[in-house]
Amino acid sequence: MTVLKVEGIGKAFRTYRSEWQRVLSWLGLSVVPREEKWILRDITFSLEAGEAVGIVGQNGAGKSTLLKMLCNTLAPSAGTIEVNGRIAALLELGMGFNPDLTGRANVMNTAGLMGFTHDQILGVMSEIEAFAEIGTYFDEPLRTYSSGMQVRLAFSVATAFRPEILIVDEALSVGDAYFQHKSFNRIKQFQKEGTTLLLVSHDRSAVISLCDRAILIEKGEIRKDGPPEDVLDLYNALIAEKEGGIVSQTKNRDGRIQTVSGTGEAVIASVVLLDSAGCATDAVSVGEAVTLEVKATIVRDIPELVAGYMIKDRLGQSIFGTNTFHLDRVLYNLKAGEELMFRFKFNANFGNGNYSVAVSLHQSEAHVAYNYEWQDLAYTFAVVNTDKQKFVGVAWVPPGLELVR
Amino acid sequence: MADMLGLANGIWSYRYFIANSIWNDFYTRFVRSKLGGAWIVLQPLSQVMIYALILSNLLSSKIPDINNTYGYAIYLMSGTLAWNLFSEIIDRCLKVFVNNANIIKKMNFPKVTLPAIAVGSAIVNNLILLVVMVVIFLFLGHIPSWNLMFIFLLIPVIVVFAVGIGLFLGIVNVFIRDVEQVVPIVLQILFWFTPIVYPITVIPEKYVRILKLNPMFDIVDAYHKAIAYDVAPRLTAMPVTLVLGLLLCGISLVVFRRANTEMADVL
């Protein structure tokens, strides 16, 4: 079932020569705005029940404006939004709380603002009280609460009724680890019961682990809508693109999408993983000593070079990454035409499964600062457990065992 | 028309929220300040006291036709009661959208509930003031009669008229913040052009006609009749004011519907 259908929506902020002209325009006079500034244009997508979709984009891309339109606090200047059910947003908790009222009175007030009737609110009051776990503070004025207690109460009210669509800001802080866990479980429970999740996030692993789909918004338009891994690779590349590099996405032999970006002043000539015998391999056994060999070519004179790599699991979650900055081997003043080889030696202490390697050439600590070339899925390999005892997980951390009986 | 039904529906489905918010507005005054709700009454009464002390010596100390030594004070209070309702509604409506910018931008609810809460709170405050004034009158030896009941016919006229003006100004104020500065000045001027601190009899006959163009003139006069003079007020001017008020409300609501979508953009 489609719970949300967004068709060609856009948002323009209008400025008039004088605000009086705006007033006249309501009274039926036709006044042409002096300037229309489009923040979002031509956004089209739809959400199915139970889906979890990540919304990513850089600051100022238009994410918040889009969410405000979905929540119906801003009206779109073009297009239509069709909602099938109720949308709840966990973007700013505690909106409309009054510090002089008790927790209970604030619940009445806030839930009322959300549009619930007196009886509905009374029906869930004890549930809210129990979930917030703030004890007798529930009947104390809000100003005596710690900020954690306020957030607990706010979250409990905001999620007292299961919405059809729940918008969650990933950076949302809901207090201590215990409550974070508890509130996360509630969100997951909602999803199981058919709620569609819309997760706003900058965090790669959160989107990849939670969402089945991601939408990248860039400069007010949908840049990509698809599997989270592909979308986030592009997003990552776009951050680097700010430095004026080129971004391309191509399909690999195995159907995965590879993203390459950067200025091209230095390029990655080859990436290969060598086994203990020094032969290129795409299957290594757990714990085997391997070498990641990265060949780079300097195209133009550059002042500084850092090479780095990141090993990711099947889902695109980062397993391990480092670079020559952290290894204290930054190179300076490289001349055009120079060829370099980096050999990173490590033990493949990974669990069973497929892994990919992303490689980058850049300046300073991370590729976001100044990126020469960044390659996703530069190399893929499998790890198989040939000689170790059976274990689960992505990391090989063999324990010693002491047993007391 | 469907628009108007939408607004009415918004108010109806949020009726508990509105009632609850009016109560909260009232309640929070009591919890934080030492004298609490007394300020609802003390503010207008202190104003009355000032005028009574200063002006009763300048004007003839007794208002004709009121057989009480405190005649002037009683006259002042009854006029203030009407004016207070009028100015408080306008003042609250004027600031209601700007002051609630945060929730307007971040939560989805019918915005029309905000002025409804503002007006409700103003009415509650005015009723409290009325009760306290009646108690004071009893102490002063002025016992109101059934004519007092005319007040309850006059209150709706003031409310409709004030909402018609206040709502429009409140919407415009979102876009042109100067309105917030100008309105109190205009209200102050209008206050002196309404017979509140002075009796109608001191106005030269030829100016009365002009001053009567101010709808509050007749309303305040009716308050005087019903409370201070204890006679049945003539209500002939009220239907005109009521119709004018309803017309202003209608325009305000149309403007509100049009401005509704743009309001969150600029707040």
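**Polar contacts.** I looked first at the polar contacts between chain B and chain A of this predicted model. I found six residue pairs in polar contact, with both residues of each pair at pLDDT 80 or more. On the side of chain B that touches chain A, I noted the elements that give two or more residues: α2 (15-32), α5 (101-106), α7 (151-175) and α11 (238-266) of chain B. I then sorted the residues of that side by character and obtained 19 nonpolar, seven polar and six charged.

**Salt bridge.** I searched the interface of chain B and chain A for salt bridges and recorded one. The side chains of K11(A) and D265(B) form a salt bridge, at 3.0 Å from N to O.

**Extent of the interface.** I listed the residues in contact: chain A contributes 31 residues and chain B contributes 32 residues. For the area, I noted that the two chains bury about 2,900 Å² between them, and that 64% of this lies on carbon and sulfur atoms. Within chain B, I found that K106(B), M107(B) and D265(B) lose the most area to chain A; together they account for 18% of what that side buries. I marked D265(B) for its part in the salt bridge with K11(A) as well.

**Confidence.** I checked how far the prediction may be read. Chain B has an average pLDDT of 85, and 92% of the residues score at least 70. In chain B, I found the lowest confidence in helix α3 (residues 38-58), with a mean of 74, and the highest in helix α8 (residues 178-192), at 93. I reminded myself that predicted coordinates should not be read in detail where pLDDT is low. For the complex, I entered the predictor's ipTM of 0.77 and pTM of 0.74.

Definitions and conventions: Residues numbered from 1 in each chain as written. Chains lettered and ligands numbered in written order. Heavy atoms only, no water. Contact = heavy atoms within 4.5 Å. Buried area = accessible area lost by both parts, 1.4 Å probe. Salt bridge = Lys/Arg side-chain N within 4 Å of Asp/Glu carboxyl O. Polar contact = N/O pair within 3.5 Å; in protein donor to acceptor, adjacent residues only side chain to side chain. Helix = DSSP H or I, 4+ residues; strand = E, 2+ residues; numbered from the N terminus. Nonpolar A, V, L, I, M, F, W, Y, C, P; charged D, E, K, R; others polar. pLDDT = per-residue confidence, 0-100.
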